[in-house]
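Reader: I would like a close look at a single part of this model, the aromatic rings and what lies around them. Please take me through it in one connected answer.

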Amino acid sequence: MALLNKKLAIGFLLVALFFLAGIRLLTVNSSLPVKRGHVATKEKQVGARKRATTTRTHSTTNAPVTLEAQQEKGSERIPILAYHDIADSHPSDKWLYVKPSVFAKQLDWLKDHGYHAIGFESLYDHWYGNKPLPSKPVILTFDDGYRGVYEAALPLLKARGMKATFFLVPGLFDHPGYLTTSMVRELSDAGMEVESHTYDHAFLTSCSDEQLKHELKYSKDVLEKITRKPVEFICYPNGYYNQKVLDEVKKYGYKAGASSIHGRASIYQERLLWHRIPIDFRIKPEDLAWKIYG
Ligand SMILES: [Zn+2]
């Protein structure tokens, strides 16, 4: 009888231990960041887990990544604003520009409301390398390399100590209305990020393998030669991409990319397709707030 009681007691003890271990596992899992908005695909969930692991291994020079830090990254929604020309008019499009006086007011609004303009490199290093970001980060991007971004945007940015990212098309350099090669070097020397928007502004989903190499690798090589800095970020002409394009983009060494998908950027998005918020002629300075929060 005593032996039976002893066996029963050991049995109860084991059940209790398994039960407690189960509760512990559930608690840890339920405190992981949860994707909001729509259901994450299995692929994305695996990607997020992989990125979380990568972040930990990159943290050798920083403090260890805590669960709280991971949760904070998961809650971040970074506005990446997408501009084209900064000029009083645009030769071929009635919307793809912002007047310099309006742009200046938008920059002032951002500064007055505590925003800090960062580059793609800083956001990438934060999400995948654990480097800290300033409070209220925002990224300003300019596509296509119109001359107005040098003549009007650069002085306004420099006067306010603000950084920006320029997605440029080397095949258009030195053409009327576009940046010259020396203007591109000046942008880079002024601390602006110069990144690729392909070589010829080709629609990448219609390119052959050879054309893809030209658009992705050659544009990178030419820009790196001009700026003497690595070019590791890309923006897709007209926002066109497919899986093959993304695979090639990765193959040629790009770390992250700007898409034309509307919204704020998040660590849960495919890193080659960070979302952006388009800003054009129709956006008044007073409209910037709801565009950023929206
Ligand atoms: Zn473009």
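Author: Tyr-240 is partly exposed in this predicted model, because its relative accessible area is 36% and the buried class ends at 20% while the exposed class begins over 50%. Phe-203 is also partly exposed, with a relative accessible area of 36%. The rings of Phe-203 and Tyr-240 have their centres 5.0 Å apart. Their planes stand at 70 degrees, and planes over 60 degrees apart count as edge-to-face, so the pair is edge-to-face. The pair links distant parts of the chain, the two residues being 37 residues apart. Phe-203 sits in the loop between β7 and α8, whereas Tyr-240 sits in the loop between β8 and α9.

A second pair can be set beside this one. A pair of aromatic rings is described by the distance of the centres and the angle of the planes. For Phe-142 and Phe-166 the centres are 4.9 Å apart and the planes are at 15 degrees, so this pair is stacked. Here too distant parts of the chain are linked: Phe-142 belongs to strand β5 and Phe-166 to strand β6 (residues 165–168), with their positions 24 residues apart in the numbering. Both Phe-142 and Phe-166 are buried. The structure holds 16 aromatic pairs. One aromatic cluster is formed by Phe-120, Tyr-124, Trp-127, Tyr-128, Phe-167, Phe-233 and Trp-274.

The loop that carries Phe-203 also carries a zinc donor. His-197 is in the loop between β7 (193–196) and α8 (209–227). The zinc ion is coordinated by Asp-144 (OD), His-197 (NE2) and His-201 (NE2), at 2.1 to 2.2 Å. Along the sequence these donors follow the spacing D-x52-H-x3-H. Asp-144 lies in the loop between β5 (137–143) and α6 (148–159), 53 residues from His-197, and this pair links distant parts of the chain. Asp-144 and His-197 are both buried.

Now to the helix that follows the loop of Tyr-240. At the start of α9, a side-chain oxygen of Asn-242 reaches to within 3.2 Å of the backbone nitrogen of Lys-244. In α9 (residues 243–251) the buried residues are Val-245, Leu-246, Glu-248 and Val-249. They lie on the same side of α9, because they cover an arc of only 165 degrees around the axis. These buried residues pack against α8 and β8 (233–235). Just after α9, Gly-253 has a positive phi of about 95 degrees.

Two cysteines belong in this account. Cys-235 counts as buried because its relative accessibility is 0%, and Cys-207 counts as buried because its relative accessibility is 13%, under the 20% limit. A search of the whole structure finds zero disulfides.

One more buried residue is Ser-188, in helix α7 (residues 181–189). Its relative accessible area is 1%, so Ser-188 is buried. Leaving aside residues up to four places away in sequence, Ser-188 touches Val-194, Thr-227 and Lys-229.

Technical notes: Residues numbered from 1 in each chain as written. Predicted model: local features only at pLDDT ≥ 70, side-chain atom pairs only at ≥ 80, totals over all residues. Heavy atoms only, no water. Donors = N, O, S within 2.8 Å, 3.2 Å for Na, K, Ca; no water. Helix = DSSP H or I, 4+ residues; strand = E, 2+ residues; numbered from the N terminus. Buried < 20%, exposed > 50% of the residue type's maximum accessible area, 1.4 Å probe, protein only. Contact = heavy atoms within 4.5 Å. Arc of directions from axis to C-beta. Polar contact = N/O pair within 3.5 Å; in protein donor to acceptor, adjacent residues only side chain to side chain. Disulfide = S-S within 2.5 Å. Phe/Tyr/Trp six-rings, centres within 6.5 Å; stacked < 30°, edge-to-face > 60°.
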